[in-house]
Amino acid sequence: MTAPDSQSSPLVFILNGPNLDLLGQRQPELYGRDTLQQVEELCRRTAAELGLRIDFRQTNSEGTLVDYLHEARIHAQAIIINPAAYSHTSIAVHDALHACDMPIYEVHVSNTWKRDSFRHTDYVAIVATGQLNGLGIDGYALALRQVAAVLQKP
Ligand code: DQA
């Protein structure tokens, strides 16, 4: 397996949208008690095990999320994204993802399909390779495992 810090290891952008900086404090009954820092640590541990490099980021701004996706388009081999509320509203995020020709996994910590009907519109799901929905923060680690499996396929 390639050392995770090797420049030849695949790079995965892990992008988090608005209010996910409040993970662990905001509605813990829905999102759990783990913080975004703990999610990042989980992702770093999992990526190291899988021989992947990660670039882990969070923003509360739609334009910044689009800018991050433009960077991913050039530098990354896969994207894991929890767009948070922008999943349900942002055609700009949808379009930016559409321009990224690589595996894309959408993560939602909570099960959005069991929640408010406005969360049932998802502009990201229709451009994502797959979705990990309602699996808690394990969704991030499982998405990384799926990225590793898909990138290893000839
Ligand atoms: C979320 C689900 C979204 O509907 C919500 O707006 C969030 C978090 C999740 O991870 O469950 O902010 O993306």
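A residue counts as buried when its relative accessible area is under 20%, as exposed when that area is over 50%, and as partly exposed in between. The structure discussed here is a predicted model. With the cut-offs in hand, Glu-71 can be placed: its relative accessibility is 32%, so Glu-71 counts as partly exposed.

Glu-71 is a useful place to start on the charged side chains. Side chains of opposite charge can pair when their charged atoms come close. The side chain of Glu-71 meets that of Arg-57 in a salt bridge, with 3.0 Å from N to O. Arg-57 belongs to strand E2 (residues 53–58) and Glu-71 to helix H3 (residues 62–75), so this pair ties together parts that are 14 residues apart in sequence. The partner of Glu-71 falls in another class of accessibility: Arg-57 has a relative accessibility of 17% and therefore counts as buried. A further residue joins in, since Asp-55, Arg-57 and Glu-71 are linked in a network of salt bridges.

How many salt bridges does the count come to? The count comes to five salt bridges. Two more of them can be followed through helix H2.

One is formed by Arg-44 and Glu-40, whose side chains meet at 2.9 Å, N to O. Both residues lie in helix H2 (residues 36–50), and they are four residues apart, which is about one turn of the helix. Arg-44 has a relative accessible area of 40%, so Arg-44 is partly exposed. Glu-40 has a relative accessibility of 21% and therefore also counts as partly exposed.

The other salt bridge joins the side chains of Arg-145 and Glu-49, at 3.0 Å from N to O. This pair links distant parts of the chain: Glu-49 is in helix H2, Arg-145 is in helix H5 (residues 138–152), and 96 residues separate them. Arg-145 is partly exposed, because its relative accessible area is 37%. Glu-49 counts as partly exposed as well, because its relative accessibility is 44%.

Helix H5 also holds Gln-146. With a relative accessibility of 35%, Gln-146 counts as partly exposed. Its C-alpha atom is separated by 9.4 Å from that of Pro-103, a residue 43 positions apart from Gln-146 along the chain.

The next part of the model to look at is the ligand. Where does the ligand sit? The ligand sits in the largest pocket. Among the residues around the ligand are Arg-26, Tyr-31, Asn-82, Ala-84, Ala-85, His-88, His-108 and Arg-119. The list also includes Val-109, Ser-110, Thr-112 and Arg-115.

Some of these residues place polar atoms by oxygen atoms of the ligand. A polar atom in the side chain of Asn-82 lies 2.9 Å from a ligand oxygen. In Ala-85 the atom concerned belongs to the backbone: a polar backbone atom there is 3.3 Å from an oxygen atom of the ligand. In Arg-119 the atom is in the side chain again, where an N or O atom is 2.9 Å from an oxygen atom of the ligand. On its own the ligand has 320 Å² of accessible area, and the protein covers 98% of that area.

Arg-119 has a second contact to note. Its side chain makes a polar contact with the side chain of Asp-116, at 2.6 Å. Arg-119 lies in the loop between strand E4 (104–108) and strand E5 (130–133). Is Arg-119 buried or exposed? Its relative accessible area is 18%, so Arg-119 is buried.

Another residue around the ligand, Ala-84, stands out in its backbone. Its phi is near 50°, a positive value in a residue other than glycine. Ala-84 is found in the loop between strand E3 (78–82) and helix H4 (91–98). The relative accessibility of Ala-84 is 12%, so Ala-84 counts as buried.

A positive phi also turns up in Asn-19, where the angle is about 75° although the residue is not a glycine. Asn-19 has its place in the loop between strand E1 (11–16) and helix H1 (28–31). Asn-19 is partly exposed, because its relative accessible area is 35%.

Technical notes:
Residues numbered from 1 in each chain as written. Predicted model: local features only at pLDDT ≥ 70, side-chain atom pairs only at ≥ 80, totals over all residues. Heavy atoms only, no water. Salt bridge = Lys/Arg side-chain N within 4 Å of Asp/Glu carboxyl O. Buried < 20%, exposed > 50% of the residue type's maximum accessible area, 1.4 Å probe, protein only. Near = heavy atom within 4 Å. Polar contact = N/O pair within 3.5 Å; in protein donor to acceptor, adjacent residues only side chain to side chain. Areas by Shrake-Rupley, 256 points an atom, 1.4 Å probe, with all protein chains shown as cover. 1 Å grid on protein atoms, 1.4 Å probe; cavity = no way out; pocket = protein on both sides within 12 Å on 5 of 7 lines; lining within 4 Å. Sits in = over half its atoms within 2 Å of the grid points.
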